[in-house]
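Colleague: I'd like to go through this model with you and ask why you call things what you call them. Can you pull it up?
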Amino acid sequence: MTRDAGAKGLDARLVVRRPEFDLDLALAAEPGEVVALLGPNGAGKSTALRALAGLVAMPAGHIRLDGTDLRPLPAERRRVGMVFQDYLLFPHLSVLENVAFGPRCQGAGRRAARRRAGEWLERVGLAGYASARPRALSGGQAQRVALARALAVEPGLLLLDEPLAALDAHTRLEIRAALRRHLAGFAGAAVLVTHDPLDAMVLADRIVVVEDGRLVQEGTPAEVARRPRTDYVARLVGLNLYRGTAEGGTVVIGGTEGEHTLDTVDSLQGEVFLAFAPSSVALYRTRPDGSPRNLWRARVAAVERQGDRVRVRLAGPPFDAVADITPASVAELDLSEGSTIWAAVKATETHVYPA
Amino acid sequence: MSRSSRPPWFLLLPALAGLVFLVLPLAGLLARAPWSTLGTRLGQGQVLEALRLSLVSATLSTGVCLLLGVPLAWVLARASFPGLGLVRALVTVPLVLPPVVGGVALLLALGRRGLVGAWLDSAFGITLPFTTAAVVIAETFVAMPFLVISVEGALRAADLRYEEAAATLGAGRWTIFRRVTLPLVAPGVAAGAVLCWARALGEFGATITFAGNFPGRTQTMPLAVYLALQNDPQAAIVLSLVLLAVSVAVLAAMRDRWVRT
């Protein structure tokens, strides 16, 4: 993904070497676009963000923002706003002074900076807290002040490091909606780091999945949710995922002991991913009549309650899978860990796409 | 937490003994004070002169300690270079060095024929020993480690990410130091300055060795107390009381203002 040097938005190749991993990630974002970096802990997401902000040195690569290479610039000259995971509001300054800090550093006079800070506080709905100290704020309020502080420098690029991770479930819902509104109103490019798929789905226009410092998948939230390309993403979006070879309506996947063939309705050729939802797996005590096409005998590895349904982990051979059933079915099937049952997936419930 | 826990006897007894040990000498001082003649004795010029000199020199030396000690603490806490451990050890030497030895060392370095002193004398005609400046230098020498250690500890405990946040907001190194780092470690700096001032106020050994004992010029309160003890013990008690009162008053005021816990 190369662009013209004069192009607007972000175009970067982030290269950071660490003892634990090497980060090498191509990343682009249009003005107004929100890109989420999604990945497991330790994948290098936060390091990528810190490289964009200028807080870690890059031995190679580039960061072009609206045509300017930021890589040689120190953090304080990058026009990049950052919202940190635990906000890092200066504890010795009032809320207003926290937000006015950036404008002051950019050379605004004390009064102009405070006026600008006041406007931003108004925008995030915290005008009444201008003289409060950060420690007097709730988590959600602190998050909004941190956002106002980052936006008050009028950055060309906004970085958000796990912006909702420190909030409790209830506040999170509220703040996520508010954050979505503010991101929609932000004219520059925004990069968001999260390990929560829901945050990524709701907030981002595009998701970049990072594992071990490398991009493993990229696409709109809907694409990523529908067509996961790694076990990590499949687990996040709750799909059974297999890699295999397609041949005339069937897919041969590598199971736990040798190969296994599954029937599908897609007619693709070559290397593919095959995915199906846990809710599409049917379980039987005895071999069902009028057998569906994909039927296999599996061992029950675990039975876990998840909300109003029950998740059953099936272990191979022939292959591992996850099934979601109702609590009533658990009793009916007399499921227990270690027992053996029949599992089936209709060919129409499988989804096959090129690898 | 309204439930107060009763301290167990094996902690309470030694704690009380320790308290008595610390307070008893002060009680002795108060008990033997010549209260009836206190007023006239305090009015004597020499007492006020020594007190003024003590307060001025201790305050000046605390100022010098802040100017030099805070940057030194920053380097010890943040920089990394070969020999850092040695530098850290050198900084704390005045803490363990007997002050008289410190005074001798200062004479050898800054005295008229000393390492740097000889050059100061020949180039600028400046002689430091036995001047008020020498008092400040001697006090700074013994007091600075207190400030450095206190501020270094505060800097180590401070969260570096606040400085990163400031950098992303466009703050340069000086702005970060002035508006973020210093305010974050302010309690440590204040505590260090108070310790430093108290140590400077009580300085005796290095001062008498390097600055001498000239009334009005280098004779600080501790020197005056020691001298008075030789020929007029009653005066020594009065001087001690004054020193005690001043230190307690200043420390109490500082504590309320700065060292809130």
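Modeller: Sure. Helices and strands here are DSSP runs, at least four residues for a helix and at least two for a strand, numbered from the N terminus. Keep in mind that this is a predicted model.

Colleague: Then where is E162(A) found?

Modeller: In chain A, E162(A) sits in the loop between β7 (157–161) and α5 (169–184). Its phi is near 45°, a positive value in a residue other than glycine.

Colleague: What makes E162(A) buried?

Modeller: Buried means under 20% relative accessible area. E162(A) has 7%, so E162(A) is buried.

Colleague: And F130(B), why is that one called partly exposed?

Modeller: The class runs between the buried limit of 20% and the exposed limit of 50%. F130(B) comes out at 35% relative accessibility, so partly exposed is the right label. F130(B) also has a positive phi, about 65°, although it is not a glycine. Look for F130(B) in the loop between α6 (117–124) and α7 (132–157) of chain B.

Colleague: How do you know that D86(A) and R161(B) form a salt bridge?

Modeller: The rule asks for a Lys or Arg side-chain nitrogen within 4 Å of an Asp or Glu carboxyl oxygen. For D86(A) and R161(B) the N to O distance is 3.0 Å, and that is within the 4 Å limit, so the pair counts. Across the interface of chain A and chain B, the rule finds two salt bridges. There are also four residue pairs in polar contact across it, both partners at pLDDT 80 or more.

Colleague: Which element gives the most to the side of chain A that touches chain B?

Modeller: That's α2(A), with four residues. By class, this side of chain A has 15 nonpolar, two polar and five charged residues.

Colleague: Why give the interface as an area?

Modeller: Interface size is often given as the accessible area lost when the parts come together. Between chain A and chain B about 1700 Å² is buried, with carbon and sulfur atoms giving 66% of it. In chain A, E76(A), L88(A) and F101(A) lose the most area to chain B, together 31% of what that side buries.

Colleague: What makes a set of residues a nonpolar core?

Modeller: They have to be buried, of the nonpolar kinds on the list, and joined through side-chain atoms within 4.5 Å. The largest such core has 47 residues, and L10(A), L14(A) and L52(A) have the most contacts inside it. Helix α1 (residues 45–53) of chain A gives the largest share, five residues. Another core, of 45 residues, lies apart from it, with W120(A) and I207(A) among them.

Methods
Residues are numbered from 1 along each chain as its sequence is written. Chains are lettered from A and ligands numbered from 1 in the order in which they are written. This is a predicted model: local features need pLDDT of at least 70, side-chain atom pairs count only at pLDDT 80 or more; totals for chains, interfaces and linings use all residues. Side-chain values use heavy atoms; hydrogens and water are left out. Buried means under 20% relative accessible area, exposed over 50%, partly exposed in between (1.4 Å probe, protein chains only). Buried area is the accessible area (1.4 Å probe) that two parts lose on being put together, summed over both. A polar contact is a pair of N or O atoms within 3.5 Å; within protein, one must be able to donate a hydrogen and the other to accept it, and residues adjacent in sequence count only if both atoms are side-chain atoms. Ala, Val, Leu, Ile, Met, Phe, Trp, Tyr, Cys and Pro count as nonpolar, Asp, Glu, Lys and Arg as charged, and the others, Gly among them, as polar.
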